[in-house]
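Let's take a walk through a protein model, starting with its hidden spaces and then moving on to strands, helices and a few single residues. Keep the 3D view open while you read.

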Protein chains: 2
Amino acid sequence: MKLMRVKSPENVLKIINEQFTALDSETIPLEEAGGRFLAEAIYSPENVPDFNRTTVDGYAVYARDTFGAGESMPAMLEYSGEVLMGEAAPQIEPGQCCLVHTGGMLPTGADAVIMIEDTEPAGTMVQSFRQVAPGENVIHRGEDLESGSLVLDRGHKLRAPEIGMLASLGLTDLTVCRKPLIGLFSSGDELVDYHTKNLEPGRIRDSNAPALAYLAEQKGARVKYGGILPDLFDTFLDKSRSMLEEVDLLIFTGGSSVGSRDHTARTMQELGRPGLLVEGVSIQPGKPTLLANCGGKPVLGLPGHPVSALNIFALFGGAILNRLNGKEKKNYNPSIKAELSRNIPSRAGRRDYVRIRLEQTGETIKAIPVFGRSGMLRTLAEADGLVTIPTDKEGLSAGELVEVIPWE
Amino acid sequence: MKLMRVKSPENVLKIINEQFTALDSETIPLEEAGGRFLAEAIYSPENVPDFNRTTVDGYAVYARDTFGAGESMPAMLEYSGEVLMGEAAPQIEPGQCCLVHTGGMLPTGADAVIMIEDTEPAGTMVQSFRQVAPGENVIHRGEDLESGSLVLDRGHKLRAPEIGMLASLGLTDLTVCRKPLIGLFSSGDELVDYHTKNLEPGRIRDSNAPALAYLAEQKGARVKYGGILPDLFDTFLDKSRSMLEEVDLLIFTGGSSVGSRDHTARTMQELGRPGLLVEGVSIQPGKPTLLANCGGKPVLGLPGHPVSALNIFALFGGAILNRLNGKEKKNYNPSIKAELSRNIPSRAGRRDYVRIRLEQTGETIKAIPVFGRSGMLRTLAEADGLVTIPTDKEGLSAGELVEVIPWE
């Protein structure tokens with residue numbers, strides 16, 4: 001077997017960032033835009049709020065009418081009515097006050113609101129036992145967003161808060177990056193469709209395809225499944241070539257045999273320039289990973305072992321999808337802090353991913369390594385997440401606080 | 001205004017766990033099961049693997065034929081052929097060896113595999129420069145999963161690893177908990193449909209509905225939107241009653257006015273027994289939260305302010321959905337560790353949620369508080385996540401390491 005020119009994971013991420021760029025854009029309704037990335041910057045078409053609003057229940061006043069008021073010497077204000085929610089507010093004159101409800105519009109003239117708790121009605125008058133400063137308990141017109149100001153930049157991901165913000169501006173059609181389409185092939189002569197009920201000897205079901213399809217959907221992509229490729233180079237190349245024309249990212253999930261690994265690498269060389277960029281990554285599990293740029297489109301070859309395939313797709317597939325989606329903000333990876341239950345040995349010079357089961361007793365969350373070969377499926381479902389051992393470390397010690405990256 | 005009997009967030013979560021249980025089940029195809037929860041335990045219908053498999057490329061042998069072999073005294077084995085991937089393996093006799101590829105079936109008789117790197121061909125013979133123990137480099141039949149053994153328990157969430165594991169067993173139809181259907185109402189006379197292009201004075205667009213609908217979908221629910229309820233109690237109650245019949249969880253996102261808050265509370269009392277359970281939570285922002293059990297169905301009243309509504313839905317709505325989905329495993333909330341950029345004051349006796357923007361310089365991730373009133377939308381989209389200040393703490397100090405819960 002040819003010795004692989006193994007690259008560090010950092011190096012592979014750098015290659016991904018350099019080689020691939022955002023797809024073209026499309027305009028879609030706000031209701032479908034969650035999880036998508038803006039293809040153009042958005043500027044506010046109006047002031048938010050579009051009127052001076054109160055942030056409390058109370059009385060709108062001319063602030064100066066309350067100056068000097070206190071517990072023992074209340075200011076006396078003439079009650080001039082109530083601003084109904086959703087209605088334009090009337091004007092008030094100096095010396096007057098007007099009942100307003102949280103979120104309601106401030107009457108013209110009024111520049112502050114006294115909280116209702118600080119007042120008491122007295123016939124047609126209202127007593128104020130506190131003084132308020134101009135602007136107190138008021139959000140001014142345009143204070144949240146000024147008309148014409150930048151709301152969200154290009155490449156910003158639309159999460160629930162952004163959806164809310166765009167809805168508040170009445171922006172119901174959004175120009176976002178087109179959703180990446182992944183073409184997915186399995187390979188290896190031992191594989192059969194996972195719908196197969198009775199297995200013949202030596203066969204296993206292609207379990208990576210549906211697992212990767214779900215993970216890809218979670219990461220914001222659509223998936224077109226091309227089936228299981230046979231260990232015949234010509235068929236392999238032909239099918240790959242026509243799939244690549246249709247999709248934005250082509251993924252092979254390798255059979256574990258040398259034959260299918262070789263076909264994948266050769267295919268990646270022939271599908272387009274510059275071809276194969278990565279042959280092997282210093283990651284465990286997941287070393288036999290392949291990455292190519294074929295005529296501008298990314299092609300990823302995943303190891304056949306289920307644990308490796310999911311791990312590598314989450315890491316490098318996720319990074320490629322971020323590029324195709326035009327994501328501009330940095331990725332911060334959340335983790336669960338837990339106390340390692342035992343030593344984990346590791347070899348320096350590679351980044352290890354260890355499957356972890358979490359167990360909480362009292363305040364302490366224990367991180368318990370789930371051992372097993374990377375082909376073993378049971379260890380996957382038992383794990384709540386993964387812990388990485390950095391390239392320069394020779395293992396982790398029992399009792400150490402580790403950061404567990406959750407499987408979601 | 002009536003004084004609210006404010007409950008702690010822990011108390012509210014306890015009430016949710018006591019009051020609500022899992023919905024009924026349905027059977028769906030594996031391809032649609034990602035993110036769903038198993039309604040029944042799954043036992044393995046077969047052995048995985050169903051044959052003894054090699055974990056390396058090498059020669060299958062009788063281990064005892066290699067005993068004593070070493071660099072200077074190789075064992076000599078008769079080459080008897082190759083096991084093709086996906087084919088049943090032949091039998092081998094003592095003294096023979098057979099070429100096998102990673103994942104391939106072990107020949108009958110063979111009990112170990114010598115890695116190809118430790119061998120050298122010599123005419124019709126193969127030299128082995130190492131001895132192997134019985135079982136070395138072999139996964140035995142049933143070693144991953146034994147036929148009849150528990151694969152996944154009831155209430156287990158189907159993530160990508162589980163989808164792969166079930167596919168490997170050929171289990172393509174799964175009995176899962178029915179997906180919760182949420183009925184969503186907005187209320188408040190100041191609100192207008194967010195598709196409205198030109199706002200009249202005093203009006204704001206109902207931005208919570210689409211933001212909550214997206215968040216609900218992310219948390220594994222379907223949403224039926226019932227529109228904006230007017231501040232008229234009879235209409236409010238009638239519409240709520242017919243919606244509640246159709247859905248599994250009813251959510252009101254309140255107008256900020258006292259009127260709509262009162263209508264929500266009264267409606268919750270009248271929709272069914274035992275009625276209102278929570279009137280106010282010691283959380284900032286999000287205090288005016290309402291929770292009821294109306295004839296066994298949860299009804300949640302969210303504050304009208306966008307930040308509060310999303311915060312409370314993520315916390316309590318998420319917990320209710322976990323109950324309805326029959327989730328059995330504990331929730332571990334992942335976070336991003338970051339260094340607080342400045343002091344944040346807080347009042348003891350309530351749990352504060354502070355919006356945080358993250359900024360990485362070198363190795364350090366800074367957590368920068370984004371201040372602003374809870375009604376202000378801009379602060380939401382600027383934030384990468386939230387930091388909580390526990391009930392018993394009076395703020396956090398600059399330089400402190402905090403855990404930021406990401407907005408996803």
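How much space lies in the second largest cavity? About 50 Å³. Before going further, keep in mind that this is a predicted model.

**Empty spaces inside**

How do you find a hole in a protein? Rolling a probe the size of a water molecule over the atoms shows where empty space is left. A search of the whole structure turns up four cavities of 30 Å³ or more. The table puts the largest and the second largest side by side.

| Cavity | Space | Nonpolar lining residues | Polar lining residues | Charged lining residues |
|---|---|---|---|---|
| Largest | about 370 Å³ | 10 | 13 | eight |
| Second largest | about 50 Å³ | one | two | four |

The largest cavity holds about 370 Å³ of space. It is lined by 31 residues, and those closest to its centre are Arg53(A), Ile204(B), Arg205(B), Ser207(B) and Pro306(B). Two elements of chain B give two or more residues to this lining: β13 (181-187) and β15 (204-205).

The second largest cavity is lined by residues from both chains. Chain A brings Ser335(A), Lys337(A) and Glu403(A), while chain B brings Ser335(B), Ile336(B), Lys337(B) and Glu403(B). Sorted by class, that makes one nonpolar, two polar and four charged residues.

**A six-stranded sheet in chain B**

Now find β13 again, this time as part of a sheet. Strands of a sheet pair through backbone hydrogen bonds, either parallel or antiparallel. In chain B there is an open sheet of six strands, in the order β16-β13-β17-β21-β20-β18, and its pairing is mixed. At the edges sit β16 (222-229) and β18 (274-279) of chain B, each of which pairs on one side only. On average, neighbouring strands here are turned by 20° against each other, ignoring direction.

Let's zoom in on β21 of chain B, residues 297-302. How many bridges join it to β20 of chain B, residues 290-294? There are five, and the two strands run antiparallel. Within this pair, Ala292(B) stands opposite Val299(B), and Leu290(B) has Gly301(B) as its bridge partner. The hairpin formed by β20(B) and β21(B) has two residues between the strands, and Gly295(B) there takes a positive phi near 60°.

β21(B) also pairs with β17(B): four bridges join them, and these two strands run parallel. Here Thr253(B) is found opposite Leu302(B) of β21(B).

Is β21(B) mostly buried or exposed? Five of its six residues are buried, so the strand is largely enclosed by the rest of the structure. Helix α3 (residues 208-218) of chain B lies across β21, along with β13, β16 and β17 (249-253) of that chain. The helix runs at about 165° to β13(B).

**A covered helix**

For another helix in chain B, look at α2 (residues 160-168). It is mostly covered, with nine of its nine residues buried. Among them are Glu162(B), Ile163(B), Gly164(B), Met165(B) and Leu166(B). Just after this helix, Gly170(B) takes a positive phi of about 75°.

**Three residues up close**

Start with Gly349(B), which lies in the loop between β22 (336-340) and β23 (351-361) of chain B. Its relative accessibility is 46%, so Gly349(B) counts as partly exposed. Leaving aside neighbours within four places in sequence, Gly349(B) is in contact with Ser282(B) and Thr391(B). Gly349(B) and Ser282(B) are 67 residues apart in sequence, yet 7.1 Å apart in space, C-alpha to C-alpha.

Over in chain A, Asn137(A) also sits in a loop, between β9 (125-128) and β10 (138-139). At 17% relative accessibility, Asn137(A) counts as buried, because buried means under 20%. Again leaving aside neighbours within four places in sequence, its contacts include Arg53(A), Thr54(A) and Val113(A). You've met Arg53(A) already, as one of the residues closest to the centre of the largest cavity.

Last comes Glu10(A), found in helix α1 (residues 9-19) of chain A. With a relative accessible area of 44%, Glu10(A) is partly exposed. How far apart in space are Glu10(A) and Met105(A)? They are 54 Å apart, C-alpha to C-alpha, and 95 residues apart in sequence.

Key: Residues numbered from 1 in each chain as written. Chains lettered and ligands numbered in written order. Predicted model: local features only at pLDDT ≥ 70, side-chain atom pairs only at ≥ 80, totals over all residues. Heavy atoms only, no water. 1 Å grid on protein atoms, 1.4 Å probe; cavity = no way out; pocket = protein on both sides within 12 Å on 5 of 7 lines; lining within 4 Å. Points joined across faces, edges and corners; volume = space filled by probe spheres on them. Nonpolar A, V, L, I, M, F, W, Y, C, P; charged D, E, K, R; others polar. Pairing = 2+ DSSP bridges. Axes fitted to C-alpha atoms, helices over the stretch in contact; angles between N-to-C directions. Contact = heavy atoms within 4.5 Å. Buried < 20%, exposed > 50% of the residue type's maximum accessible area, 1.4 Å probe, protein only.
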